[in-house]
Amino acid sequence: MKSPEDTGTPQAGTRNTEASDKGANHGRPASFEDDVPLVLGGHSFIGQLGNEPRPSEDTQCAIVEACLDNGIYWFDTTHRPERVALGKALHKLGRRDEAIIIAWNFFDDVGVGPDDRLDGAAPYQRHHIEQILEQLQTTFIDCLVVHPVAGGDAVNAAQLELAVEWQTHGYVGMLGTWDPGEDALERFGLKNPYDFMVRPLNVATPTAGPAFAAAKRLGWHTLAASPFVRGWHLDRLVAAARMSWRGSESDLRRRLVDHMLRYSLFHPNVDRVITAMRRVEWVTANVESVRRGPLTASERQWLDSISS
């Protein structure tokens, strides 16, 4: 695959011939059903939004490699530093063709430290496709989220039109939206440009279910985000568990992580879960959780006793 500088700047009305036969050439699975239904969250690559420090570049590469080796082929990138980190890792590994990449409309050059600010969603503009491709060191974005932005219906319609243009000309695969709501069928109708949706679903979002059911009625793939809410929320639950249940802190944490991940993944109408993993060993631990299947009645009762 050519590097971004070889492909030139995407121009209006031009077709991305480099990625036109992407499905045949990629070594990754062709469907949502053929792999481990987890997505490596982009927050794995930054210091914000978690209770673990940002991993080194070598560790980031090892995490990506462990995901690919264990059947996790989906990678989410929200903020610019996440795209840059993932692009470097896949390029170093030489395994871009095995990965399915999700990108979003967040563009500021934010820092990666735990106290650095994060940017908000901004409307897509024509030059953004070149930036995203360059940051990811790729010629094709498998999944593009069109996150709603401030500015009204006209602004959001314009950015969606641009995303559809990029899709038409072969720079983007599937289009998705963020948190479409339980009235998605009424809002979007059966004929719409989207293929998937993303929304938080975890023990702290008891009312999330109807939005996922609505997305499935539209035929969309559904991605649940934030199974542990945030790292500090998990820390609070571990502290609560220690007050009520026997066991070491590490044992209770492993039990909670396992149950919370399975709660989100095996919730009705969820196809896949996006989760950050800032340690290599978390990859295999999460894959093992997936293989355990849905929570048993006693496991759900235990989780509810702590999280409610």
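**Entry 1: strands and their pairing**

Before looking at any pair, I noted that two strands pair if DSSP finds at least two bridges between them. I also noted that this is a predicted model, and I read every entry below with that in mind. With the rule in hand I turned to strand β6 (residues 196-200) and strand β7 (residues 221-225), which pair in the parallel sense over five bridges. Within this pair I found Val 198 standing opposite Leu 223 in β7.

I then looked up the wider arrangement, and found that the strands form a closed barrel of eight, in the order β1-β2-β3-β4-β5-β6-β7-β8, with parallel pairing. On average, neighbouring strands of this sheet are turned by 30° against each other, if direction is ignored. For the chain as a whole I counted 12 helices beside the eight strands.

**Entry 2: strand β5 and its surroundings**

I next followed strand β5 (residues 172-178), which is mostly covered, since five of its seven residues are buried. Its pairing with strand β4 (residues 141-145) is parallel and runs over four bridges, and there I saw Cys 143 standing opposite Met 174 in β5. Is Cys 143 buried or exposed? I found that Cys 143 is buried, because its relative accessible area is 1% and the cut-off for buried is under 20%.

Moving on along the chain, I came to Asp 179 in the loop between β5 and α7 (184-188). Its phi is near 45°, a positive value in a residue other than glycine, and at 32% relative accessibility Asp 179 counts as partly exposed. I met a similar entry in Ser 226, which is not a glycine either and has a positive phi of about 60°; Ser 226 has its place in the loop between β7 and α9 (231-244).

**Entry 3: helices lying across strands**

I looked up two helices against the strands they cover. Helix α4 (residues 80-93) lies across β2 (74-77) and β3 (100-103), and runs at about 145° to β2. Helix α10 (residues 249-265) lies across β1 (38-40) and β8 (272-275), and its angle to β8 is about 140°.

In helix α4 I stopped at Leu 86. Which residues does Leu 86 touch, leaving out those up to four places away in sequence? I found Phe 45, Val 64, Phe 75, Thr 77, Ile 101 and Leu 136. Leu 86 is buried, with a relative accessible area of 0%. I also noted the spacing to Arg 96, which is 10 residues from Leu 86 in sequence and 9.6 Å from it in space, C-alpha to C-alpha.

**Entry 4: salt bridges**

How many salt bridges does the count come to? I recorded 18, and wrote down several of them. The side chains of Arg 272 and Asp 35 meet in one, at 3.2 Å from N to O. This pair links distant parts of the chain, with Arg 272 in strand β8 and Asp 35 in the loop between α2 (22-25) and β1, 237 residues apart. Both Arg 272 and Asp 35 are buried.

In another salt bridge I found Glu 98 with Arg 95, whose closest N and O atoms are 2.8 Å apart. Here Arg 95 is buried, at a relative accessible area of 15%, whereas Glu 98, at 23%, counts as partly exposed. The two fall into separate classes because buried means under 20% relative accessible area.

I also looked at Glu 281 and Arg 279, whose side chains meet in a salt bridge at 3.9 Å, N to O. Glu 281 is partly exposed at 46%, and Arg 279 is partly exposed at 34%. Elsewhere I noted that salt bridges sharing partners join Asp 235, Arg 242, Glu 249 and Arg 253 into one network.

**Entry 5: totals for the chain**

I closed with the totals. Buried residues make up 51% of the 308 residues in the chain. The chain exposes about 13900 Å², of which carbon and sulfur atoms supply 49%. Among contacts between residues at least 6 apart in sequence, 75% join residues at least 24 apart. Searching the whole structure for disulfides, I found zero; as to single cysteines, I noted that Cys 61 is buried, with a relative accessible area of 8%.

Definitions and conventions: Residues are numbered from 1 along each chain as its sequence is written. This is a predicted model: local features need pLDDT of at least 70, side-chain atom pairs count only at pLDDT 80 or more; totals for chains, interfaces and linings use all residues. Side-chain values use heavy atoms; hydrogens and water are left out. Axes are lines fitted to C-alpha atoms, for helices over the stretch in contact, and angles run from 0 to 180 degrees between N-to-C directions. Contact means heavy atoms within 4.5 Å. Buried means under 20% relative accessible area, exposed over 50%, partly exposed in between (1.4 Å probe, protein chains only). Accessible areas come from the Shrake-Rupley method with a 1.4 Å probe; for residues, only the protein chains shown count as cover. A disulfide is a pair of cysteine sulfur atoms within 2.5 Å. A salt bridge is a side-chain nitrogen of Lys or Arg within 4 Å of a carboxyl oxygen of Asp or Glu.
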